[in-house]
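Please take the model below as a guide while reading, and follow the paragraphs from a single side chain to the packing of the interior and then to a pocket.

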Amino acid sequence: MPELLFLTQRIPYPPMKGEKIRPLQILKFLRQRYQVHLGCLIDDPSDWQHVPVLQGLCGETHFAALNPRIAKLTCLRGLFDGEPLSTAYFHDRGLADWVADLLDRRRPEAAFVCSSAMAQFLLQRPNRPPKIVMDFADVDSDKWRQYAEKHGQPMRWVYARESRVLLAFDRDIGRKVDAVTFVSRAEAELFSRLAPELAHKTHHVNSGVDTDYFQPDADFANPFRGPGPAAVFTGTMNYWPNVDAVAWFASEILPRIRAAIADLQFYIVGSHPDAAVRALADLPGVSVTGRVEDVRPYLAHAAVVVAPLRAAGGVQNKVLEGMAMAKTVVATPRAVAGLEPEAARWVVVAEGVDAFATAVTQAVGSGEAGIIGARARGCVLDLYNWERNLHGFLPLLGRSE
(Lines give C-alpha, C1' and ligand atoms only; values in the text may rest on other atoms or scores of the structure.)
Protein backbone atom coordinates (compact mmCIF):
# COMPACT_ATOMS: atom_id res chain seq x y z
CA MET A 1 0.00 0.00 0.00
CA PRO A 2 1.38 3.50 -0.82
CA GLU A 3 2.39 5.67 2.12
CA LEU A 4 1.28 9.18 3.07
CA LEU A 5 2.49 11.66 5.68
CA PHE A 6 -0.39 13.44 7.44
CA LEU A 7 0.35 16.57 9.47
CA THR A 8 -2.22 18.45 11.53
CA GLN A 9 -1.79 21.05 14.24
CA ARG A 10 -3.82 19.29 16.95
CA ILE A 11 -4.56 15.66 17.64
CA PRO A 12 -7.62 14.95 15.47
CA TYR A 13 -9.60 13.31 18.24
CA PRO A 14 -12.11 13.49 19.81
CA PRO A 15 -14.11 15.09 16.95
CA MET A 16 -15.67 17.83 19.06
CA LYS A 17 -14.56 20.97 17.20
CA GLY A 18 -13.89 21.97 13.64
CA GLU A 19 -10.10 21.78 13.69
CA LYS A 20 -10.40 18.13 14.76
CA ILE A 21 -13.53 17.04 12.90
CA ARG A 22 -12.34 17.70 9.35
CA PRO A 23 -8.79 16.31 9.79
CA LEU A 24 -10.15 13.13 11.41
CA GLN A 25 -12.61 12.51 8.60
CA ILE A 26 -9.91 13.11 5.97
CA LEU A 27 -7.48 10.82 7.80
CA LYS A 28 -10.06 8.03 8.03
CA PHE A 29 -10.85 8.43 4.34
CA LEU A 30 -7.21 8.40 3.23
CA ARG A 31 -6.25 5.40 5.36
CA GLN A 32 -8.48 3.29 3.12
CA ARG A 33 -6.02 4.03 0.30
CA TYR A 34 -2.69 4.74 2.03
CA GLN A 35 -0.68 3.70 5.00
CA VAL A 36 -0.97 7.00 6.86
CA HIS A 37 1.79 8.28 9.16
CA LEU A 38 0.51 10.97 11.54
CA GLY A 39 2.34 13.88 13.13
CA CYS A 40 0.50 16.39 15.33
CA LEU A 41 0.60 18.37 18.58
CA ILE A 42 -1.37 18.02 21.82
CA ASP A 43 -2.13 21.16 23.83
CA ASP A 44 -4.81 19.74 26.15
CA PRO A 45 -3.57 17.20 28.75
CA SER A 46 -6.91 15.37 28.59
CA ASP A 47 -6.26 14.54 24.94
CA TRP A 48 -3.36 12.20 25.70
CA GLN A 49 -5.88 9.49 26.56
CA HIS A 50 -6.94 9.45 22.91
CA VAL A 51 -3.48 8.67 21.50
CA PRO A 52 -4.20 4.90 21.22
CA VAL A 53 -7.21 5.61 19.00
CA LEU A 54 -5.01 7.39 16.45
CA GLN A 55 -2.23 4.84 16.76
CA GLY A 56 -4.76 2.21 15.80
CA LEU A 57 -5.66 4.11 12.64
CA CYS A 58 -2.13 4.95 11.48
CA GLY A 59 1.25 3.51 10.71
CA GLU A 60 3.94 5.55 12.49
CA THR A 61 2.85 8.40 14.72
CA HIS A 62 4.38 11.28 16.64
CA PHE A 63 2.47 13.33 19.22
CA ALA A 64 4.28 16.46 20.40
CA ALA A 65 3.33 18.14 23.68
CA LEU A 66 2.49 21.82 23.35
CA ASN A 67 2.24 24.01 26.42
CA PRO A 68 -0.06 26.91 25.46
CA ARG A 69 1.50 29.35 27.97
CA ILE A 70 5.02 28.71 26.74
CA ALA A 71 3.89 28.68 23.10
CA LYS A 72 2.28 32.12 23.50
CA LEU A 73 5.56 33.53 24.75
CA THR A 74 7.54 31.75 22.04
CA CYS A 75 5.32 33.00 19.26
CA LEU A 76 6.18 36.61 20.12
CA ARG A 77 9.50 36.09 18.37
CA GLY A 78 7.52 36.27 15.16
CA LEU A 79 7.06 39.98 15.80
CA PHE A 80 10.79 40.44 15.30
CA ASP A 81 11.72 37.89 12.62
CA GLY A 82 8.83 38.42 10.21
CA GLU A 83 7.18 35.01 10.46
CA PRO A 84 3.51 34.45 11.30
CA LEU A 85 2.85 34.17 15.03
CA SER A 86 0.94 30.94 14.44
CA THR A 87 3.99 29.31 12.84
CA ALA A 88 6.13 30.07 15.87
CA TYR A 89 3.31 28.99 18.20
CA PHE A 90 3.14 25.49 16.70
CA HIS A 91 6.87 24.91 16.19
CA ASP A 92 8.31 21.81 17.86
CA ARG A 93 11.84 20.52 17.40
CA GLY A 94 10.90 16.93 18.19
CA LEU A 95 8.17 16.88 15.56
CA ALA A 96 10.52 18.46 13.01
CA ASP A 97 13.11 15.73 13.68
CA TRP A 98 10.46 13.00 13.42
CA VAL A 99 9.29 14.29 10.04
CA ALA A 100 12.87 14.45 8.74
CA ASP A 101 13.57 10.91 9.91
CA LEU A 102 10.33 9.52 8.50
CA LEU A 103 10.96 11.11 5.11
CA ASP A 104 14.44 9.56 5.02
CA ARG A 105 13.27 6.08 5.99
CA ARG A 106 9.79 5.71 4.50
CA ARG A 107 9.88 7.95 1.44
CA PRO A 108 6.10 8.48 1.38
CA GLU A 109 4.69 9.20 -2.05
CA ALA A 110 2.34 11.91 -0.80
CA ALA A 111 1.77 14.32 2.05
CA PHE A 112 -1.43 15.90 3.32
CA VAL A 113 -1.01 19.00 5.47
CA CYS A 114 -3.82 20.50 7.58
CA SER A 115 -3.30 24.20 8.44
CA SER A 116 -0.48 26.36 7.18
CA ALA A 117 1.44 26.28 10.48
CA MET A 118 2.29 22.62 9.80
CA ALA A 119 3.91 23.34 6.43
CA GLN A 120 7.06 24.46 8.28
CA PHE A 121 7.85 20.82 9.08
CA LEU A 122 7.79 19.68 5.47
CA LEU A 123 8.37 22.19 2.72
CA GLN A 124 12.04 22.91 3.43
CA ARG A 125 12.94 19.22 3.24
CA PRO A 126 14.94 18.25 0.12
CA ASN A 127 13.32 14.79 0.08
CA ARG A 128 9.75 15.92 0.55
CA PRO A 129 7.09 13.73 -1.10
CA PRO A 130 6.46 14.23 -4.81
CA LYS A 131 2.76 15.05 -4.23
CA ILE A 132 1.64 17.50 -1.52
CA VAL A 133 -1.85 18.79 -0.79
CA MET A 134 -2.22 21.75 1.57
CA ASP A 135 -5.66 21.92 3.21
CA PHE A 136 -5.92 25.45 4.56
CA ALA A 137 -9.61 24.79 5.37
CA ASP A 138 -10.28 28.49 6.05
CA VAL A 139 -8.60 31.68 4.86
CA ASP A 140 -7.09 32.39 8.26
CA SER A 141 -5.51 35.64 7.12
CA ASP A 142 -9.03 36.98 6.60
CA LYS A 143 -10.01 35.84 10.09
CA TRP A 144 -7.18 37.92 11.55
CA ARG A 145 -8.33 40.86 9.41
CA GLN A 146 -11.78 40.55 10.97
CA TYR A 147 -10.24 40.41 14.44
CA ALA A 148 -8.30 43.61 13.73
CA GLU A 149 -11.50 45.40 12.72
CA LYS A 150 -13.18 44.53 16.03
CA HIS A 151 -10.37 45.22 18.51
CA GLY A 152 -8.65 48.31 19.82
CA GLN A 153 -4.93 48.96 20.06
CA PRO A 154 -2.49 47.35 20.56
CA MET A 155 -4.24 44.12 19.47
CA ARG A 156 -5.58 45.79 16.34
CA TRP A 157 -1.99 46.24 15.17
CA VAL A 158 -1.01 42.67 16.14
CA TYR A 159 -3.97 41.13 14.32
CA ALA A 160 -3.54 43.31 11.24
CA ARG A 161 0.11 42.35 11.07
CA GLU A 162 -0.73 38.67 11.40
CA SER A 163 -3.24 38.99 8.58
CA ARG A 164 -0.63 40.50 6.24
CA VAL A 165 2.22 38.20 7.18
CA LEU A 166 0.11 35.05 7.15
CA LEU A 167 -1.32 35.78 3.71
CA ALA A 168 2.21 36.21 2.33
CA PHE A 169 3.25 32.97 4.06
CA ASP A 170 0.24 31.08 2.67
CA ARG A 171 0.93 32.34 -0.84
CA ASP A 172 4.49 31.07 -0.54
CA ILE A 173 3.18 27.67 0.60
CA GLY A 174 0.81 27.61 -2.34
CA ARG A 175 3.68 28.05 -4.78
CA LYS A 176 5.47 25.02 -3.31
CA VAL A 177 2.63 22.48 -3.18
CA ASP A 178 0.56 20.75 -5.83
CA ALA A 179 -2.87 21.86 -4.64
CA VAL A 180 -4.42 24.04 -1.95
CA THR A 181 -7.88 23.24 -0.65
CA PHE A 182 -10.57 24.96 1.36
CA VAL A 183 -13.62 23.93 3.29
CA SER A 184 -16.10 25.69 1.01
CA ARG A 185 -16.52 27.27 -2.39
CA ALA A 186 -16.70 30.71 -0.75
CA GLU A 187 -13.35 30.29 1.01
CA ALA A 188 -11.67 29.03 -2.16
CA GLU A 189 -13.02 31.98 -4.13
CA LEU A 190 -11.82 34.41 -1.45
CA PHE A 191 -8.31 32.95 -1.51
CA SER A 192 -8.25 33.06 -5.31
CA ARG A 193 -8.99 36.79 -5.12
CA LEU A 194 -6.28 37.33 -2.51
CA ALA A 195 -3.74 35.10 -4.30
CA PRO A 196 -4.72 35.21 -7.99
CA GLU A 197 -1.46 33.56 -9.05
CA LEU A 198 -2.65 30.40 -7.25
CA ALA A 199 -6.19 30.31 -8.66
CA HIS A 200 -5.31 27.41 -10.97
CA LYS A 201 -4.37 25.17 -8.05
CA THR A 202 -7.02 26.38 -5.57
CA HIS A 203 -9.92 24.00 -4.91
CA HIS A 204 -12.74 23.49 -2.44
CA VAL A 205 -13.67 20.17 -0.88
CA ASN A 206 -16.79 20.64 1.18
CA SER A 207 -16.79 19.38 4.73
CA GLY A 208 -19.62 17.25 6.03
CA VAL A 209 -21.50 16.16 9.09
CA ASP A 210 -22.01 12.69 10.54
CA THR A 211 -25.75 12.40 10.00
CA ASP A 212 -25.87 8.93 11.56
CA TYR A 213 -24.50 10.39 14.78
CA PHE A 214 -26.54 13.61 14.61
CA GLN A 215 -29.80 11.75 14.25
CA PRO A 216 -32.97 13.65 15.21
CA ASP A 217 -35.00 10.49 15.79
CA ALA A 218 -32.77 9.23 18.62
CA ASP A 219 -34.19 9.29 22.14
CA PHE A 220 -32.25 11.74 24.34
CA ALA A 221 -33.05 12.72 27.91
CA ASN A 222 -33.93 16.40 28.30
CA PRO A 223 -30.88 18.21 29.75
CA PHE A 224 -32.64 21.52 30.40
CA ARG A 225 -33.82 22.86 33.73
CA GLY A 226 -37.27 24.41 33.88
CA PRO A 227 -40.27 24.23 31.56
CA GLY A 228 -39.45 27.09 29.18
CA PRO A 229 -38.12 26.76 25.61
CA ALA A 230 -34.37 26.83 25.06
CA ALA A 231 -32.15 28.53 22.52
CA VAL A 232 -28.81 26.73 22.19
CA PHE A 233 -25.35 27.79 21.04
CA THR A 234 -22.61 25.16 20.75
CA GLY A 235 -18.87 25.66 20.32
CA THR A 236 -15.45 25.91 21.93
CA MET A 237 -15.95 28.74 24.38
CA ASN A 238 -12.47 30.23 24.59
CA TYR A 239 -12.48 30.87 20.83
CA TRP A 240 -12.92 34.61 20.37
CA PRO A 241 -15.62 34.60 17.63
CA ASN A 242 -17.73 32.29 19.83
CA VAL A 243 -17.12 34.42 22.92
CA ASP A 244 -18.12 37.55 21.01
CA ALA A 245 -21.22 35.83 19.61
CA VAL A 246 -22.64 34.62 22.91
CA ALA A 247 -21.83 37.88 24.71
CA TRP A 248 -23.67 39.84 22.03
CA PHE A 249 -26.65 37.47 22.09
CA ALA A 250 -26.91 37.25 25.89
CA SER A 251 -26.52 40.95 26.62
CA GLU A 252 -28.32 42.59 23.69
CA ILE A 253 -30.56 40.10 21.88
CA LEU A 254 -31.83 37.83 24.65
CA PRO A 255 -33.58 40.59 26.67
CA ARG A 256 -35.63 41.48 23.61
CA ILE A 257 -36.63 37.85 23.08
CA ARG A 258 -37.56 37.40 26.74
CA ALA A 259 -39.79 40.47 26.53
CA ALA A 260 -41.96 38.32 24.26
CA ILE A 261 -41.13 34.84 25.63
CA ALA A 262 -40.47 35.42 29.32
CA ASP A 263 -39.32 31.90 30.17
CA LEU A 264 -36.97 31.36 27.23
CA GLN A 265 -33.56 30.13 28.34
CA PHE A 266 -30.24 30.54 26.54
CA TYR A 267 -27.80 27.64 26.90
CA ILE A 268 -24.13 28.10 26.02
CA VAL A 269 -22.82 24.58 25.48
CA GLY A 270 -19.12 23.97 24.97
CA SER A 271 -15.71 23.36 26.48
CA HIS A 272 -13.27 25.84 28.02
CA PRO A 273 -15.60 28.79 28.68
CA ASP A 274 -13.40 31.77 29.46
CA ALA A 275 -14.07 34.27 32.23
CA ALA A 276 -16.19 36.51 30.00
CA VAL A 277 -18.42 33.57 29.06
CA ARG A 278 -18.73 32.28 32.62
CA ALA A 279 -19.82 35.76 33.72
CA LEU A 280 -22.78 35.58 31.35
CA ALA A 281 -24.37 32.96 33.63
CA ASP A 282 -25.20 35.85 35.99
CA LEU A 283 -27.61 37.28 33.42
CA PRO A 284 -31.29 36.31 33.57
CA GLY A 285 -32.07 33.23 31.50
CA VAL A 286 -28.46 32.31 30.68
CA SER A 287 -26.83 28.95 31.50
CA VAL A 288 -23.20 28.05 30.77
CA THR A 289 -22.63 24.28 30.77
CA GLY A 290 -18.91 23.99 30.14
CA ARG A 291 -17.75 20.82 28.43
CA VAL A 292 -20.43 18.16 27.96
CA GLU A 293 -19.90 14.57 26.87
CA ASP A 294 -22.58 14.82 24.20
CA VAL A 295 -24.10 17.94 22.63
CA ARG A 296 -26.89 16.02 20.93
CA PRO A 297 -29.37 16.11 23.86
CA TYR A 298 -29.07 19.90 23.93
CA LEU A 299 -29.71 20.12 20.21
CA ALA A 300 -32.50 17.54 20.29
CA HIS A 301 -34.49 19.41 22.93
CA ALA A 302 -33.71 22.94 21.74
CA ALA A 303 -36.54 25.10 20.47
CA VAL A 304 -34.03 26.87 18.24
CA VAL A 305 -30.28 26.74 17.51
CA VAL A 306 -28.56 30.11 17.25
CA ALA A 307 -25.33 31.12 15.53
CA PRO A 308 -25.00 34.90 16.10
CA LEU A 309 -21.41 35.08 14.84
CA ARG A 310 -20.05 38.48 13.91
CA ALA A 311 -16.60 37.20 12.91
CA ALA A 312 -16.25 33.86 11.19
CA GLY A 313 -14.89 31.97 8.23
CA GLY A 314 -15.38 28.66 6.52
CA VAL A 315 -18.30 26.42 7.34
CA GLN A 316 -19.70 26.47 10.86
CA ASN A 317 -20.09 22.95 12.25
CA LYS A 318 -22.58 24.29 14.80
CA VAL A 319 -24.85 25.25 11.90
CA LEU A 320 -24.47 21.92 10.08
CA GLU A 321 -25.06 19.95 13.27
CA GLY A 322 -28.19 21.93 14.09
CA MET A 323 -29.47 21.33 10.58
CA ALA A 324 -28.61 17.62 10.80
CA MET A 325 -30.71 17.44 13.97
CA ALA A 326 -33.63 18.92 11.97
CA LYS A 327 -33.67 22.13 13.99
CA THR A 328 -34.47 25.66 12.92
CA VAL A 329 -31.13 27.48 12.92
CA VAL A 330 -31.09 31.28 13.21
CA ALA A 331 -27.76 32.69 12.08
CA THR A 332 -26.03 35.86 10.99
CA PRO A 333 -24.96 36.23 7.34
CA ARG A 334 -21.38 35.71 8.49
CA ALA A 335 -22.24 32.33 10.00
CA VAL A 336 -23.72 30.97 6.76
CA ALA A 337 -21.29 32.56 4.29
CA GLY A 338 -19.57 29.22 3.69
CA LEU A 339 -22.73 27.21 3.04
CA GLU A 340 -23.81 26.19 -0.42
CA PRO A 341 -26.71 28.47 -1.46
CA GLU A 342 -29.15 25.56 -1.51
CA ALA A 343 -28.33 24.76 2.12
CA ALA A 344 -28.39 28.39 3.24
CA ARG A 345 -32.02 28.58 2.06
CA TRP A 346 -33.01 26.44 5.05
CA VAL A 347 -31.31 28.62 7.66
CA VAL A 348 -33.11 31.68 9.02
CA VAL A 349 -30.64 34.50 8.39
CA ALA A 350 -30.88 37.74 10.36
CA GLU A 351 -28.51 40.65 10.90
CA GLY A 352 -28.64 43.17 13.73
CA VAL A 353 -30.06 43.01 17.23
CA ASP A 354 -33.72 43.63 16.45
CA ALA A 355 -33.84 41.41 13.37
CA PHE A 356 -32.10 38.55 15.16
CA ALA A 357 -34.39 38.81 18.21
CA THR A 358 -37.45 38.84 15.98
CA ALA A 359 -36.22 35.83 14.00
CA VAL A 360 -35.62 33.77 17.15
CA THR A 361 -38.96 34.78 18.65
CA GLN A 362 -40.77 33.77 15.49
CA ALA A 363 -38.83 30.51 15.17
CA VAL A 364 -39.74 29.46 18.73
CA GLY A 365 -43.42 30.16 18.16
CA SER A 366 -43.66 28.99 14.57
CA GLY A 367 -45.65 25.96 13.54
CA GLU A 368 -43.33 25.61 10.53
CA ALA A 369 -40.24 24.77 12.58
CA GLY A 370 -40.62 21.06 11.82
CA ILE A 371 -40.87 21.70 8.09
CA ILE A 372 -37.81 23.95 8.03
CA GLY A 373 -35.85 21.47 10.15
CA ALA A 374 -36.76 18.50 7.95
CA ARG A 375 -35.69 20.32 4.82
CA ALA A 376 -32.50 21.49 6.49
CA ARG A 377 -31.62 17.91 7.34
CA GLY A 378 -32.43 16.83 3.80
CA CYS A 379 -30.01 19.42 2.45
CA VAL A 380 -27.28 18.25 4.80
CA LEU A 381 -27.82 14.63 3.73
CA ASP A 382 -27.48 15.66 0.10
CA LEU A 383 -24.69 18.22 0.20
CA TYR A 384 -22.61 17.43 3.28
CA ASN A 385 -21.93 13.71 3.04
CA TRP A 386 -18.36 13.12 4.18
CA GLU A 387 -17.62 10.06 2.06
CA ARG A 388 -18.97 11.62 -1.13
CA ASN A 389 -17.27 14.97 -0.62
CA LEU A 390 -13.86 13.65 0.37
CA HIS A 391 -13.45 11.88 -2.96
CA GLY A 392 -12.57 15.35 -4.22
CA PHE A 393 -9.12 14.97 -2.66
CA LEU A 394 -8.15 11.91 -4.70
CA PRO A 395 -7.40 13.56 -8.07
CA LEU A 396 -5.43 16.23 -6.22
CA LEU A 397 -3.28 13.45 -4.78
CA GLY A 398 -2.86 11.92 -8.23
CA ARG A 399 -5.24 9.01 -7.64
CA SER A 400 -8.30 8.02 -9.62
CA GLU A 401 -9.77 6.02 -6.73
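In this predicted model, Q316 is found in the loop that runs between strand β11 (304-307) and helix α13 (317-324). With a relative accessible area of 11%, Q316 falls under the 20% limit and is therefore buried. A polar atom of the Q316 side chain lies 3.1 Å from the backbone oxygen of G313, and, once neighbours within four places in sequence are left aside, Q316 is in contact with L309 and A335.

From this loop one can turn to the nonpolar interior. The largest nonpolar core has 67 residues, of which F249, F266, V306, M323 and L339 touch the most other members. Helix α10 (residues 240-260) gives the most to this core, contributing nine residues. For V306, the partners beyond four places in sequence are A231, V232, F233, F249, F266, V330, F356 and V360. A second core, separate from this one, holds 40 residues, among them L102, A117, M134 and L190.

What remains is the space that the protein atoms leave open. The second largest pocket encloses about 200 Å³, and its lining is formed by E83, T87, A119, Q120, L123, Q124, F169, D172, I173 and K176. Helix α8 (residues 155-176) gives the most to that lining, with four residues. Sorted by class, the lining of the second largest pocket is made up of four nonpolar, three polar and three charged residues.

Technical notes:
Residues numbered from 1 in each chain as written. Predicted model: local features only at pLDDT ≥ 70, side-chain atom pairs only at ≥ 80, totals over all residues. Heavy atoms only, no water. Helix = DSSP H or I, 4+ residues; strand = E, 2+ residues; numbered from the N terminus. Buried < 20%, exposed > 50% of the residue type's maximum accessible area, 1.4 Å probe, protein only. Polar contact = N/O pair within 3.5 Å; in protein donor to acceptor, adjacent residues only side chain to side chain. Contact = heavy atoms within 4.5 Å. Core = buried A, V, L, I, M, F, W, Y, C linked by side-chain atoms within 4.5 Å. 1 Å grid on protein atoms, 1.4 Å probe; cavity = no way out; pocket = protein on both sides within 12 Å on 5 of 7 lines; lining within 4 Å. Points joined across faces, edges and corners; volume = space filled by probe spheres on them. Nonpolar A, V, L, I, M, F, W, Y, C, P; charged D, E, K, R; others polar.
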